[in-house]
Amino acid sequence: MNLIKAKDYEDMSRKAANLIMAQVTLKPDSVLGLATGSTPMGTYQQLIGYYRQGDLDFSGVRTVNLDEYRGLSRTDSQSYYYFMQEHLFSQINLAPGASFIPDGTNDDAAAVCADYEETIRALGGVDLQLLGLGNNGHIGFNEPAEVFEKETHCVDLAQSTIEANSRFFASVDEVPTQAYTMGIRTIMKAKKILVIVNGAGKADILKQAFYGPITPKVPASILQLHPDVTVIADEAACGKL
C-alpha cells in the first residue's frame, strides 16, 4: 500500500485527479471504476478542469460505477446515474454508451448482477478503481458482514449507511434500503485501486482498515491484500495513524 498524505480536501482531490489523469494519459482506452458521494466530487471537478484546459481526453475511456440504489429511476436526482451525469459525464467528452452503472430500476436482482459482471468482463476488467471509505469500513456498498461478498450483488444497507446518506435526501425515510454493488472480488480484480479519505470522522476507520486485521467486519481491510493500492488521505483523516 502506498499512503499519500494530503493537506486538506482540495489537496486530496487534486492528488487523486492527477493519478487518474496519469492513468488516462498513459492508457487512453482505460476502463475507470468510479464512485459516488461527497468524497469524489472534488476529484471530478479537478478532472473536468483538466479536460477544459485541453490536458485530458476522455474520448477513449470507458467507465463502470461501483453501485446504484435499487428502486430509483435514472431521472431521480438521488440516483447514482443522475449523480454521475451531473457531476462528471455531462461535462467531459466521454463517448456515448461508454459509461456503465447497475440498473437500479430492474427488480430482477440476479439478472442485474449477472449482466453487470459480464459487462465488466467484456470491457477487459477495470484498470483503475476509485473508492471512498465508509464510516463503517464499507467500500462500494459492501457492508460489514460475516464473509466477504464476491461479485456484484444486491445488498441490504446498514442502518449507519442509511443515516449517513440521509443528508442527501429530504428525510432518512426516503433513503433506499437496498442497492446493487460490485462485490469484493470484483473490486479486487481491478489492476490498480485508489482510495480517497478525508475528515477527522474517518480517522478511526482509516486506521482499522489499513493497519488492523483483515476481516469482513471491516470490508475495506481486504484491500491490504491487493498488490497496487494507493490511499490519499488528508491530515484530519490521518490523525490517528
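A residue is termed buried under 20% relative accessible area, exposed over 50%, and partly exposed in between. In the predicted model described here, T105 has a relative accessibility of 45% and therefore counts as partly exposed. T105 is placed in the loop that connects β5 with α4. When residues up to four places away in sequence are disregarded, T105 touches L72, S73 and R74. The side chain of T105 also forms a polar contact of 2.5 Å with the side chain of D103. With respect to V61, a separation of 44 residues in sequence corresponds to a C-alpha to C-alpha distance of 25 Å from T105.

R74, one of the residues touched by T105, is also among the residues nearest the centre of the second largest pocket, together with Y81, S99, F100 and I101. This pocket has a volume of about 280 Å³ and a lining of 21 residues. At least two lining residues are supplied by each of α3, β5 (99-100) and α4 (109-122). The largest share comes from α4, with 5 residues. By class, the lining of the second largest pocket comprises 12 nonpolar, 6 polar and 3 charged residues.

The largest pocket has a volume of about 680 Å³. Its lining consists of 35 residues, and those nearest the centre are T36, G37, S38, N165 and R167. Four elements, β4 (67-69), α3 (80-87), β6 (128-131) and α5 (159-165), each provide at least two residues of this lining. Of these, α5 accounts for the largest share, namely 4 residues. The composition of the lining of the largest pocket is 15 nonpolar, 17 polar and 3 charged residues. Helix α3 thus appears in the lining of the largest pocket and also in that of the second largest pocket.

Strand β4, which contributes to the lining of the largest pocket, is joined to β8 (residues 178-181) by 3 bridges, and the two strands run antiparallel. Within this pairing, E68 has Y180 of β8 as its bridge partner. Strand β8 is also joined to β7 (residues 153-156), here through 4 bridges and again in an antiparallel arrangement. In the pairing of β7 with β8, H153 stands opposite T181. Strand β8 is accordingly bridged to β4 as well as to β7.

Methods
Residues are numbered from 1 along each chain as its sequence is written. This is a predicted model: local features need pLDDT of at least 70, side-chain atom pairs count only at pLDDT 80 or more; totals for chains, interfaces and linings use all residues. Side-chain values use heavy atoms; hydrogens and water are left out. On a 1 Å grid over the protein atoms alone, a cavity is a set of points where a 1.4 Å probe fits but cannot get out, and a pocket is an open set with protein on both sides within 12 Å along at least five of seven lines; lining residues have an atom within 4 Å of a point. Grid points are joined across faces, edges and corners, and a volume is the space filled by probe spheres set on the points. Ala, Val, Leu, Ile, Met, Phe, Trp, Tyr, Cys and Pro count as nonpolar, Asp, Glu, Lys and Arg as charged, and the others, Gly among them, as polar. Buried means under 20% relative accessible area, exposed over 50%, partly exposed in between (1.4 Å probe, protein chains only). Contact means heavy atoms within 4.5 Å. A polar contact is a pair of N or O atoms within 3.5 Å; within protein, one must be able to donate a hydrogen and the other to accept it, and residues adjacent in sequence count only if both atoms are side-chain atoms. Two strands pair if DSSP finds at least two bridges between them.
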